Amino acid sequence: MTLASIETEMPPLSSIIEQAEVEPTNFGISAVDANPSANTVRRRYYGGFSTSICQFFDDPRRRNDCCALACLGVLSSDRTRHLMYDHQPQLSTSPSFKRLWATRLGVNVGLPILLLMLGRIVLKYIDDKDTKSQVSTILSIAFIALIVLLQLLAYKARVKTRTDLMRLIQEKTFLEGGEEGPDTTERIEHLIHGQNSIRHAHGCISGHPKDENQDFINSPLEDENRSDLCTKIWNFSRSFCCGSFCGCWIQCCGMCAIGQEEREINQMLPRPQQMIDYISFQPYVEYYSSIQLLRQNANGSLTAHFKALSELSKLLLRILISFLLLCFLYSLLDFNKNFTLANLLVLLATFGQAFFILYFVHWKWHRFDLSLDAVVKYFGCGFLISVSFAMVYEILLQTVLAIVGAIVIVVEILADGTAEKLSNKDLSDK
């Protein structure tokens, strides 16, 4: 599931509620799931995972993989952590999304900005060049140390999530195999801590061991061959870095591991419990009934449609309004001569053009074909996640082109130098 609403694929609400009322016996393992003969036996990888750490886009019906790549996997990791700890509170607690994001923005964004602002203020009142240079060096070291510390804290939190998930996987494996006993916990801890792959899974840039483990393979079966354009592009791109460098999967910021964890938690939980929004973690059943009621009654009131919005859509609208207000204040304060009221009008015209088209394409002609909630989420996804994708791709493309250009320049210089030496040598011989 992505940020967009699930109206095009959602079954009737009554069936979802009936499924949600069925209590799982063991973290999503019902009586049918606990019967090995009723399930397809799957290939197992390091840690007991049922999919490889590099197994993205192998099934076009699965849409979570995109979220593991967007925003460095932050949204996907939050969802996995919430689903696991919300249903297994003995492992840890799952904070509300407001508290989670307030802490995250305050620590990871607020502290670095505060340090930079304090540094600029301090340097402004220092006249001596040597002292100013020393203070600048100290502030730079402090800033780098802060970034490293924040990275280590994030690494520690993600490793804990992966360790707890592996513990649940092993418990499920022992339960299905009928090996539950007094020494089960000790055996599980031994298996988990024996997996060296945990510390390699969430590094900033890390090499995870090629994760096929024969110890976890049980009657591997060939899956139905499903692939689309994303599958082929991913398989082509991963062949350059996945499994080719000393037999390791090369990954950045643990995005591949995050995708693997989300795929696993989706297999462990019943489908109704998986159906929650990203960021806000609000279950679909809490607001989808209001959307269905609007369609059944053909209620075209804009106010009624706004009242039926989910918490995530309301949050996205508040973010948009706050952003425009901040831009308005920024243009009035004259901090930057390149951003004035005229530039603000251009920004408003950009949004106004999109809203004008949406009015006809959605509200006037297809108001009940797609909910306003879904439109808001698609719009927010386009402006937030898609932009981050484009920025990352452009940076990577520029980096690759710069490296290739530098190599070409160096080769040309060396070739010219060699040719000049040979020419001088021929002249001296004559």
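# A tour from the largest cavity outward

The largest cavity has a volume of about 70 Å³. This is a predicted model, and the structure holds 2 cavities of 30 Å³ or more. Start the tour at the largest one.

**Stop 1: the cavity lining**

Select Ile291, Leu294, Arg295, His305, Ala308, Leu309, Arg367, Phe368, Ser371, Leu372 and Asp373. These residues line the largest cavity. Colour them by class. You should get 6 nonpolar, 2 polar and 3 charged residues.

Which helix supplies the largest share of this lining? It is α11, with 3 residues. Helix α15, residues 372-429, also supplies at least two, as α11 does.

**Stop 2: helix α11**

Now select residues 288-296, which form α11. Show the side chains of Tyr288, Ile291 and Leu294. Those three are buried. Look down the helix axis. Tyr288, Ile291 and Leu294 cover an arc of only 120° around it, so they sit on the same side of α11. Ile291 and Leu294 were also in your cavity selection.

**Stop 3: the loops on either side of α11**

Go to isoleucine 279. It lies in the loop between α10, residues 271-274, and α11. Its phi is positive, about 70°, although this residue is not a glycine. Is isoleucine 279 buried or exposed? At 15% relative accessibility, it counts as buried, because the cut-off for buried is under 20%.

Next, move past the other end of α11. Alanine 298 follows the helix. Select it in the loop between α11 and α12, residues 302-307. Alanine 298 is another residue other than glycine with a positive phi, here near 50°. Its relative accessibility is 51%, so it counts as exposed. The cut-off for exposed is over 50%.

**Stop 4: aspartate 65**

Select aspartate 65 in helix α2, residues 65-69. What is its relative accessible area? The value is 0%, so aspartate 65 is buried.

Now show what aspartate 65 touches. Leaving out residues up to four places away in sequence, its contacts are Gln55, Phe56, Phe57 and Arg263. Pick out arginine 263 from that list. Aspartate 65 and arginine 263 are 198 residues apart in sequence. Draw a line between their C-alpha atoms, and it should read 8.1 Å.

**Stop 5: two more pairs**

Try the same trick with asparagine 235. Find it in helix α8, residues 229-238. Asparagine 235 has a relative accessible area of 34%, so it is partly exposed. Then add cysteine 54. Asparagine 235 and cysteine 54 are 181 residues apart in sequence, but 9.4 Å apart from C-alpha to C-alpha.

The other pair starts in helix α5, at arginine 167. At 16% relative accessibility, arginine 167 counts as buried. Add glycine 48 to the selection. Arginine 167 and glycine 48 are 119 residues apart in sequence and 9.4 Å apart in space, C-alpha to C-alpha.

**Stop 6: the second largest pocket**

Stay with α5, residues 129-176, because your next selection uses it. The second largest pocket has a volume of about 1,300 Å³. Which residues are closest to its centre? Select Arg104, Asn108, Leu150, Leu153 and Ala154. They are among the 34 residues that line this pocket.

Now colour three helices: α3 (74-87), α4 (97-124) and α5 (129-176). These are the elements that give two or more residues to the lining of the second largest pocket. The classes of that lining are 18 nonpolar, 10 polar and 6 charged residues.

**Last stop: the whole chain**

Zoom out and switch to a cartoon view. The chain has 15 helices and 3 strands. How many residues does the chain have, and what share of them is buried? There are 430 residues, and 34% of them are buried.

Turn on the surface. Its accessible area comes to about 26,100 Å². Carbon and sulfur atoms account for 63% of that area.

Finally, think back to the pairs you selected. Among contacts in the chain with a separation of 6 or more, 75% join residues 24 or more positions apart. Aspartate 65 and arginine 263 are one such contact, with their positions 198 residues apart in sequence.

How values were computed:
Residues numbered from 1 in each chain as written. Predicted model: local features only at pLDDT ≥ 70, side-chain atom pairs only at ≥ 80, totals over all residues. Heavy atoms only, no water. 1 Å grid on protein atoms, 1.4 Å probe; cavity = no way out; pocket = protein on both sides within 12 Å on 5 of 7 lines; lining within 4 Å. Points joined across faces, edges and corners; volume = space filled by probe spheres on them. Helix = DSSP H or I, 4+ residues; strand = E, 2+ residues; numbered from the N terminus. Nonpolar A, V, L, I, M, F, W, Y, C, P; charged D, E, K, R; others polar. Buried < 20%, exposed > 50% of the residue type's maximum accessible area, 1.4 Å probe, protein only. Arc of directions from axis to C-beta. Contact = heavy atoms within 4.5 Å. Areas by Shrake-Rupley, 256 points an atom, 1.4 Å probe, with all protein chains shown as cover.
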